[in-house]
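User: I would like to understand the terms used for this model. Please walk me through them one at a time.

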Amino acid sequence: KDSKWMDVSALTTPVSPVRIKRSRDGLVSMDGTIPGSLVHYTVDGSEPTKESPKFQKPFPFDSGKISALVIDKVGNLGPINSKTFGPAPAKWKIIAASGHSDPVEALRRASRSIDGDRNKCWLTDIGEGAQGYPHHLVIDFGEARTIKGVKIHFADQKRTPSKWNLKGSQSTDQSPLLLGAKSATSWEPEQILKLNQEVKIRYLRFEAANDGEPDKKSLFVREIEIL
């Protein structure tokens with residue numbers, strides 16, 4: 001009945017890849033896929049080593065590249081994992097969205113695309129009665145932000161639009177201007193649209209369309225990031 005009959009504290013935890021996560025409010029946390037070993041990391045683009053800082057508690061990180069590895073008790077190094085983040089979506093809010101007949105539910109679902117968690121996705125209605133394409137959402141950044149582009153993480157090939165575009169504005173009274181458009185010739189789970197020049201906007205409108213596949217009606221998005 002004693003669950004602590006074997007002391008394994010002296011055993012070496014196998015090295016493993018590092019999971020790097022960031023919460024919606026911009027706090028980064030890291031641990032090994034197999035917990036127990038020390039995580040060393042860098043935030044300046046260099047590769048981490050034994051001399052790099054040790055991860056001890058979540059820390060704020062707005063944008064850039066984080067690289068990390070696990071080092072076990074005898075000094076073995078695990079594989080380096082890197083992740084690049086755009087600006088944290090702490091102040092972002094979805095103010096308009098398609099995908100459900102109830103506007104409140106449509107907003108709730110679409111908010112998953114900016115929650116910082118790629119395991120919680122924006123999925124529009126599926127099945128009989130689904131409205132289908134085109135789909136859209138509008139993000140309020142909470143303040144004017146300068147952006148260079150947008151990265152969208154799609155979750156499912158069968159629920160990825162054939163083309164999409166971005167529009168932006170400084171206020172809700174201003175008609176949004178077309179910032180750029182993208183068409184996918186093949187399946188790309190992560191799609192990046194880089195703008196011809198930086199723009200400063202507060203409101204970003206994402207519009208998704210589907211051409212040539214009438215049975216494809218739903219949209220499945222993991223996360224939307226700005227560059």
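**Cores, rings and strands**

Analyst: This is a predicted model. Its largest nonpolar core has 28 residues, and Leu137, Ile147, Leu204 and Phe206 have the most contacts inside it. Five strands each supply at least two residues of this core: S7 (93-97), S9 (135-154), S10 (163-169), S12 (190-209) and S13 (220-226). Another core, of 13 residues, lies apart from it. Phe59, Ala68, Val70 and Phe85 are among its members.

User: Which residues does Phe206 touch, leaving out those up to four places away in sequence?

Analyst: Phe206 touches Trp122, His135, His136, Leu137, Ile152, Trp164, Asn165, Leu166 and Leu219. Touching here rests on heavy atoms within 4.5 Å.

User: How many aromatic pairs does a search of the whole structure find?

Analyst: The search finds six aromatic pairs. One of them joins Tyr41 and Phe59.

User: Why is the pair of Tyr41 and Phe59 called stacked?

Analyst: Take the distance, then the angle. The ring centres are 5.1 Å apart, and the limit for a pair is 6.5 Å. The planes are 15° apart. Stacked requires under 30 degrees, so the label fits.

User: What makes this pair a tie between separate parts of the chain?

Analyst: Tyr41 lies in strand S3 (residues 38-42) and Phe59 in strand S4, so the pair ties together parts 18 residues apart in sequence. Tyr41 and Phe59 also share one aromatic cluster with Phe55.

User: Why do Tyr41 and Phe59 count as buried?

Analyst: The cut-off for buried is under 20% relative accessible area. Tyr41 has 14%, so Tyr41 counts as buried. Phe59 has 15%, so Phe59 is buried as well.

User: Why is the pair of Trp164 and Phe206 called tilted?

Analyst: The ring centres are 5.8 Å apart and the planes are at 55°. Stacked needs under 30 degrees and edge-to-face needs over 60, so an angle of 55° is tilted. Trp164 sits in strand S10 and Phe206 in strand S12, so this pair ties together parts 42 residues apart in sequence. Both Trp164 and Phe206 are buried.

User: How do you know that Gln191 is buried?

Analyst: Gln191 lies in strand S12. Its relative accessibility is 1%, and buried means under 20%, so Gln191 counts as buried.

User: What makes the approach of Gln191 to Trp164 a polar contact?

Analyst: The two side chains come within 2.7 Å. The limit for a polar contact is 3.5 Å between N or O atoms. The backbone oxygen of Glu188 also lies 3.2 Å from a polar atom of the Gln191 side chain. Leaving aside neighbours within four places in sequence, Gln191 is in contact with residues including Val150, Ile152, Phe154 and Ala184.

User: How do you know that S1 and S2 pair?

Analyst: Count the bridges. Five of them join S1 to strand S2 (residues 27-32), and pairing needs at least two. The two strands run antiparallel. Arg19 has Asp31 as its bridge partner in S2, and Val18 has Gly32. S2 and S4 also pair in the antiparallel sense, over two bridges. There, Leu27 stands opposite Pro60 in S4.

User: Why are S1 and S4 called edge strands?

Analyst: The open sheet has the order S1-S2-S4. S1 (18-22) and S4 (59-60) each pair on one side only.

User: Which side chains of S2 are buried?

Analyst: The side chains alternate along S2. Val28, Met30 and Gly32 point to one face and are buried. Leu27, Ser29 and Asp31 point to the other face and are not.

Key:
Residues numbered from 1 in each chain as written. Predicted model: local features only at pLDDT ≥ 70, side-chain atom pairs only at ≥ 80, totals over all residues. Heavy atoms only, no water. Core = buried A, V, L, I, M, F, W, Y, C linked by side-chain atoms within 4.5 Å. Buried < 20%, exposed > 50% of the residue type's maximum accessible area, 1.4 Å probe, protein only. Helix = DSSP H or I, 4+ residues; strand = E, 2+ residues; numbered from the N terminus. Polar contact = N/O pair within 3.5 Å; in protein donor to acceptor, adjacent residues only side chain to side chain.
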